[in-house]
Amino acid sequence: MANYYSDHPEIGFYLNHPLMARIVELKEKGFADAKEFDYAPVDLGDAIENYKQILDITGDIAANIIAPNSESVDLEGPHLENGRMIYASKTFENLDATRKAGLWGVSMPRRYGGLNLPNAVFSMLSELISAADAGFQNIWSLQSCIDTLYEFGSEEQRQKYIPRVCTGEGMSMDLTEPDAGSDLQRVMLKATFDEKENCWRLNGVKRFITNGDSDIHLVLARSEEGTKDGRGLSMFIYDKRQGGVNVRHIEHKLGIHGSPTCELTYKDAKAELCGSTRLGLIKYVMALMNGARLGIAAQSVGLSQEAYNEALAYAKERAQFGEKIVNFPAVYDMLSRMKAKLDAGRSLLYQTACYVDIYKCLEDIERDRKLTPEEKQELKKYQRLADAFTPLAKGMNSEYANQNAYDAISIHGGSGFIMEYKCQRLYRDARIFSIYEGTTQLQVVAAIRYITNGTMLQNIKEMMESEESSSPLLKRVEKLVEIYEDALNCVKAFENQAVQDFLARRLYDMTCEIVMSLLIIRDAAKAPELFEKSAQVYVRMAEENVIGKAAYIKAFLADDLDSFKAVENAVEE
């Protein structure tokens, strides 16, 4: 019987990540839960075995329930009835299976009914479910919104809402509005305090809300009258049981059909303030978005894996000119690149997830006691790394998912353009990954300061110094780092900010490709049977790309920017 976890040992490899022992130590807080919960681990080995069991259960459900349901869900999609969103019929089967398996609220502490899983393992679960159906992964993975409520809500709110999510109630984050997409400072959904009822009331419209008719919503709204920027925004909790919110429209989308994208109308909806006023965008949404971006990186890796699986299986079966097409250089070149992108992207995903885990665990410990000076330094170190790496993981993996889905169709040839083949759905589903929760261009904006101030260059040099591999590939990457540093200095030398912004994407791509080269070399040294081929292919790709982009940057002149401006289409402000 198929199992999306055990069939792909590359995933389980990252349970042995160099940071995993420290993550478990911090997450389990001395394994104190073992005294109260019989399913809590007693040591590191027990924790890892527990993770493997959960991954195996999820892999089974993904392969044998969610994946077989995916085509039906894609064809039916959700629909609207009397202001309520109704999932596709097979989505209810997926929800039922994951609820019975206890796969909800998995990151939450056991005292609330959760499994206390680290972010790295949650990302693995997301990857497995996305490989089966990226649309359902959206619904399931939005349970991670509860992390923000756990971090910033009151203990009363935690006890009220977290157990509900742990039993399978869904969540959504209601941020976007018709006039506020990426520019969330323009959010105008109005929040007013009702003195008589001692509660907040929400009025307005939210648009493009994933899983918008969920049970529990985190809502960004304007609580400070007369303000027009982010300082007037606060975060609220809306409980569907209270009423006051209706679904006005469900978007008809290119892909991820099983994931309902809703337009919502708020009419005096009763809500609770989460945390403090005025920090909704500045602090809480940033936490929400970073979690969502890592979730999309995992979603992207899952779909990349499935695209590669479909392409490889077809290439092995399809014969042309008397030979299986998998033996054609043009085809195995595409397949090898797909696998290299998949493996390198997955390594970046779990490196980032581990950084997030360490600082989030230390923040959680700090709620109970003061951190030691060493722990405070550790928290700062890994928070900086997480902030720097998250936009790399989201941006590059979402781009790779699109590229792998595109190549899967190419390998299928004309059959790939036929709706009966899965690769066309993967292609449609992947397209949104590099758009929602911040386009790739916005990931560049988020990452570029860590690139231009030298933080990422320093990280790269530290990665090279700590690398124990004797692979000759390392020497080749060292040369790329020299080329990269030279290109970085060229960009910094431009005093024209517009030129620096124009060239930022090249620097971003180069940074990602060098980082992923080092990560896949490290992995290949530990598990050559899994990653050696991908390391060879990926470093060659990185050489091709980094050298080319460096040449582009070094030849660029400030006046060249005028050649790219669409003057005839310019709009005066």
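In which strand does Asp268 lie? Asp268 belongs to strand E9, residues 261-274; helices (H or I, at least four residues) and strands (E, at least two) are DSSP runs, numbered from the N terminus. The model is predicted, so that local features need pLDDT of at least 70 and side-chain atom pairs count only at pLDDT 80 or more, while totals for chains, interfaces and linings use all residues. Residues are numbered from 1 along each chain as its sequence is written, and side-chain values use heavy atoms, with hydrogens and water left out.

Asp268 has a phi near 50°, a positive value in a residue other than glycine. Most residues other than glycine have a negative phi. With a relative accessible area of 47%, Asp268 is partly exposed; buried means under 20% relative accessible area, exposed over 50%, and partly exposed in between, for a 1.4 Å probe and protein chains only. Phi is likewise near 50° in Lys29, again a residue other than glycine with a positive value. Lys29 sits in the loop between helix H2 (20-28) and helix H3 (44-76), and a relative accessible area of 34% makes Lys29 partly exposed.

Two further loop residues can be located next. Asp215 occupies the loop between strand E5 (199-210) and strand E6 (216-222), where a relative accessible area of 25% leaves Asp215 partly exposed. Apart from neighbours within four places in sequence, Asp215 is in contact with Arg164, Glu169, Gly170, Tyr238, Asp239 and Lys240; contact means heavy atoms within 4.5 Å. From Asp215 to Pro528, 313 residues apart along the chain, the C-alpha atoms are separated by 46 Å. Glu495 is in the loop between H15 and H16 and is exposed, with a relative accessible area of 82%. Between Glu495 and Ile86, 409 residues apart in sequence, the C-alpha to C-alpha separation is 54 Å.

A buried position is found in helix H5, which holds Ser123. Ser123 is buried because its relative accessible area is 3%. When residues up to four places away in sequence are not counted, Ser123 touches Leu294, Ala298, Leu349, Tyr350 and Ala353. One of these partners, Leu294, is 171 residues from Ser123 in sequence, yet their C-alpha atoms are 7.7 Å apart in space.

Helix H12 (residues 422-430) can be considered as a whole. Seven of its nine residues are buried, so H12 is largely enclosed by the rest of the structure. The buried set consists of Cys423, Gln424, Arg425, Leu426, Arg428, Asp429 and Ala430. Their cover includes H3, helix H5 (119-132), helix H6 (134-141), helix H9 (280-317) and H11.

Helix H14 (residues 455-466) has twelve residues, which at 1.5 Å a residue should span 16 Å; the end C-alpha atoms are 17 Å apart, in agreement with that value. The expected span is 1.5 Å times one less than the number of residues in the helix. In H14 the buried residues are Met456, Leu457, Asn459, Ile460, Met463 and Met464. They cover an arc of only 160° around the axis, and therefore lie on the same side of H14; the arc is that of the directions from the helix axis to the C-beta atoms. Exposed residues Glu465 and Ser466 are carried on the face of H14 turned away from its buried side. The buried residues of H14 pack against helix H11 (373-412), helix H13 (440-452), helix H15 (472-493) and helix H16 (497-526).

The last feature is a helix pair. Helix H10 (residues 329-366) packs with helix H17 (residues 528-554) at an angle of about 100°, and their axes are 8 Å apart. H10 is therefore roughly perpendicular to H17. Axes are lines fitted to C-alpha atoms, for helices over the stretch in contact, and angles run from 0 to 180 degrees between N-to-C directions; angles under 35 degrees count as roughly parallel, over 145 as roughly antiparallel, 65 to 115 as roughly perpendicular and the rest as oblique. On the H10 side, Ser336, Arg337, Lys339, Ala340, Lys341, Asp343 and Ala344 meet Leu530, Phe531, Ser534, Val537, Tyr538, Met541 and Glu544 of H17. Within this contact, Val537 of H17 touches Ser336, Arg337 and Ala340, leaving aside neighbours within four places in sequence. The C-alpha atoms of Val537 and Ser336 are separated by 6.9 Å, although the two residues are 201 residues apart along the chain.
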